[in-house]
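The exercises below are meant to be worked through with the sequence and the 3D structure at hand. Each one sets a task and then gives a solution that goes step by step.

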Amino acid sequence: MHVASLALTDFRNYQQAELTLAPGVTTFVGANGQGKTNLVEAVGYLSGFDSHRVATDAPLVRHGAQRAVIRAGLVRDARRTSIEIEINPSRANRVQLGGHPVRPRELAGTVRTVLFAPEDLALVKGDPSDRRRFLDTLLVARAPKYAGVKADFERVVRQRNALLKSAGGRRGRPDAGGTSDPLQTLMVWDEQLIDLGSALLAGRIHLLDQLNPLLGKTYDAVADASAEVSAGYRWSLGEDVDLTVDRTVLAGALRAALERRRREELERAVTLVGPHRDDVLLSLAGVPAKGYASHGESWSLALALRLASYQLLRDDGTSGGEPILVLDDVFAELDVERRSRLAALVGDAEQVLVTAAVAADVPATLTGARVRVERGTIVDA
Amino acid sequence: MYEGVVQDLIDELGRLPGVGPKSAQRIAFHLLQADSEDVRRLAQAMLEVKERVRFCTVCGNVAEDAECRICQDPRRDTAVLCVVEEPKDIVAVERTREYRGRYHVLGGAISPIDGVGPDDLRIKELLGRLADGTVRELIIATDPNLEGEATATYLARLIAPMGVAVSRLASGLPVGGDLEYADEVTLGRAFEGRRRLDVP
Ligand SMILES: Nc1ncnc2c1ncn2[C@@H]1O[C@H](COP(=O)(O)OP(=O)(O)OP(=O)(O)O)[C@@H](O)[C@H]1O
Ligand SMILES: [Mg+2]
Ligand SMILES: [Zn+2]
């Protein structure tokens, strides 16, 4: 899949911009703060309706404007479609596919992008939630049904937490009205937590199984020195349970863990068991990356995770189409040798969008088209 | 802002579900220009529902007498009971013409976020209706979303030991949906394909 055209209205520092894009490599060049990242951020927004930089939509709308619009012409297997997203921070996005309004949820997985940006350092150094988000986004890109599984799972956790809170409050006053036992209702939410939780767990664990071999290769390509790299799933179910993708086993493990921690859950009034408490343990040469790896190693590992995701999506044989690869500000961090290794790795991608403040940082082998960006306008394309 | 009573009317209309400020204004001006007789009929209808319509003492449906039309109808099968969340869901099920039994309205679904637990639903009344053994089959037609599913599971656990066959509408209903918005063909099919609820 590639983006053939992009039009922005009141998106970030672009009042109005239009751009035609070709397959292969396109490099956006311009001094700091001109709008290079803003452009590729818009492309990234198409796949998950979120930005890699901000958690809310308000900063995406040009200062002083009410709403932003992203329009993109897409080509997949020689078939053209268009997608239009109106971003309005005060209400739901309006999305059109091929000129017809669709619900954002129906569009999950239509546009596949893999975006690497300096913010991805958080994949290594950040909180478990950063790594969970990475896994789940990739999972949804591979199999859109997980968008629903994840949303439902999160709602079950909120329902369950609300119930744990009220059950905890009621336990002090046994006759506080009502005849039904809150624990009776809790069991009902447990079933849903187990059902959806085991589906999400199986999806994540299977995904990591597939990602690991690719991660080794991409890390070798972009790192200074090769080291054995691994991404292992860390869960809340206790050490005694072996990782598996068998949903029945996972469901059983969830059930047992819920029972084990019931009292603690009631005391703390939060759901302590489930994929929302889990993490991915990244390690280099057997040592955890977080807290131990150098800046350069962490950065290479984050980039390697994105590149491995890219290869996984590209080769997954589904009808999703080859993803669009976005590399924001990568080349400045790499020495000449690693630049050319990275260039070789991504050179045959259907479409790569690269940003660079210094054009000379991008290896000659990866030039492709050049687009100059200056103060929110596209100067020459 | 408009003056006095006109603004009062717009404000009142704007409090109705699904009516935003723009629609409230449009309806208000429509009423201003309409025949007095038409407006009087509308006002009368609104007053009358409030005065005459109550909730059925048996099933919780809207009713003009102590019992609703369906509960009073001797042709309806007393051995089958369909459990729904709201009276409006009865209308949806009736449209399918697939169902000849009676109903029980819960008045919502279990949702701790909204502070709704089993005690806030008409579950005690339901158990009361099942006590004499007339009802042989219970069809749970709560909404096909998480809260509807949770309510169905809760009821199934509660009722299965009483020897009543409990089934849940088969899917085919859009998940995350509202029963009242399902078209009659889909809902009709869901009724035919209802499945027995397994109690773990
Ligand atoms: N909502 C907005 N409205 C107006 N301007 C904005 C908005 N959001 C960001 N900007 C401006 O966009 C500019 C940043 O653009 P961008 O992040 O794309 O820079 P860049 O070209 O990638 O620079 P660098 O090389 O430093 O990464 C900043 O000057 C910022 O003030
Ligand atoms: Mg930038
Ligand atoms: Zn009735």
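## Exercise 1: a residue in chain B

With 26 other C-beta atoms within 10 Å, B:L155 is buried. The model that this and the following exercises examine is a predicted one.

Task: state which helix holds B:L155, and find which residues B:L155 touches once those up to four places away in sequence are set aside.

Solution. Begin with the secondary structure: B:L155 belongs to helix α7 of chain B, which covers residues 146–159. Next apply the cut-off, under which a residue is buried if 20 or more other C-beta atoms lie within 10 Å of its own; B:L155 has 26 such atoms and is therefore buried. Then look for partners, leaving out residues up to four places away in sequence, and B:V83 and B:I140 are found to touch B:L155. Finally, take B:E48 for a separation in space: 107 residues of sequence lie between the positions of B:L155 and B:E48, and their C-alpha atoms are 35 Å apart.

For the setting of this residue, chain B as a whole has 8 helices and 7 strands, and 31% of its 200 residues count as buried. Among its contacts between residues at least 6 apart in sequence, 57% join residues at least 24 apart.

## Exercise 2: a helix of chain A against a helix of chain B

Task: describe how α5(A) and α7(B) cross, and say which residues make the contact.

Solution. First take the axes, which come within 9 Å and cross at roughly 125°. That angle makes α5(A) oblique to α7(B). The handedness comes next, and the crossing of these two helices, α5(A) and α7(B), is right-handed. The contact itself is made on the α5(A) side by A:T185, A:V188, A:W189, A:E191 and A:Q192, and on the α7(B) side by B:L146, B:E149, B:A150, B:T153 and B:Y154. Sorted by character, the residues of this contact of α5(A) with α7(B) are 5 nonpolar, 3 polar and 2 charged.

Turning to the contact between the chains, it takes 16 residues from chain A and 13 residues from chain B. On the side of chain B that touches chain A, the residues divide into 8 nonpolar, 3 polar and 2 charged.

## Exercise 3: two helices within chain A

Task: give the crossing angle of α5(A) and α8(A), and work out how the residues of their contact divide into nonpolar, polar and charged.

Solution. Locate the two elements first: in chain A, helix α5 covers residues 182–222 and helix α8 covers residues 295–314, and their axes come within 8 Å and cross at roughly 125°. The two helices, α5(A) and α8(A), are therefore oblique to each other. In this crossing α5(A) passes α8(A) in a right-handed sense. The contact draws on residues of α5(A) including A:Q210, A:L211, A:L214 and A:L215, and on residues of α8(A) including A:S300, A:L301, A:A304 and A:L307. The division of the residues in the contact of α5(A) with α8(A) is 12 nonpolar, 4 polar and no charged.

## Exercise 4: the shell around ligand 1

Task: determine which residues come nearest to ligand 1, and which helix gives the most to its shell.

Solution. There are 17 residues around ligand 1, and of these A:N13, A:N32, A:K36, A:T37 and A:N38 come nearest. Grouping the shell by element, helix α1 of chain A (residues 36–48) gives the most, with 3 residues. Grouping the shell around ligand 1 by character gives 3 nonpolar, 10 polar and 4 charged.

## Exercise 5: positive phi in loops of chain A

Task: for A:A285 and A:D329, find where each one lies, and decide whether each is buried, partly exposed or exposed.

Solution. A:A285 is not a glycine, yet has a positive phi of about 50°. The loop that holds A:A285 runs between β10 (279–284) and β11 (287–288) of chain A. A:A285 has 14 C-beta neighbours inside 10 Å and so counts as partly exposed.

A:D329, which is likewise not a glycine, has a positive phi of about 60°. Its place is the loop between β12 (324–328) and α9 (336–346) of chain A. Because 18 C-beta neighbours fall inside 10 Å, A:D329 counts as partly exposed.

Methods: Residues are numbered from 1 along each chain as its sequence is written. Chains are lettered from A and ligands numbered from 1 in the order in which they are written. This is a predicted model: local features need pLDDT of at least 70, side-chain atom pairs count only at pLDDT 80 or more; totals for chains, interfaces and linings use all residues. Two residues are in contact if their C-beta atoms, placed from the backbone, lie within 7 Å. Ala, Val, Leu, Ile, Met, Phe, Trp, Tyr, Cys and Pro count as nonpolar, Asp, Glu, Lys and Arg as charged, and the others, Gly among them, as polar. Helices (H or I, at least four residues) and strands (E, at least two) are DSSP runs, numbered from the N terminus. A residue is buried if 20 or more other C-beta atoms lie within 10 Å of its own, exposed if 12 or fewer, and partly exposed in between; C-beta atoms are placed from the backbone. A residue is near a molecule or strand if its C-beta atom, placed from the backbone, lies within 6 Å of it. Axes are lines fitted to C-alpha atoms, for helices over the stretch in contact, and angles run from 0 to 180 degrees between N-to-C directions. Angles under 35 degrees count as roughly parallel, over 145 as roughly antiparallel, 65 to 115 as roughly perpendicular and the rest as oblique. A crossing is left-handed if the near helix is turned anticlockwise from the far one by less than a right angle, and right-handed if clockwise.
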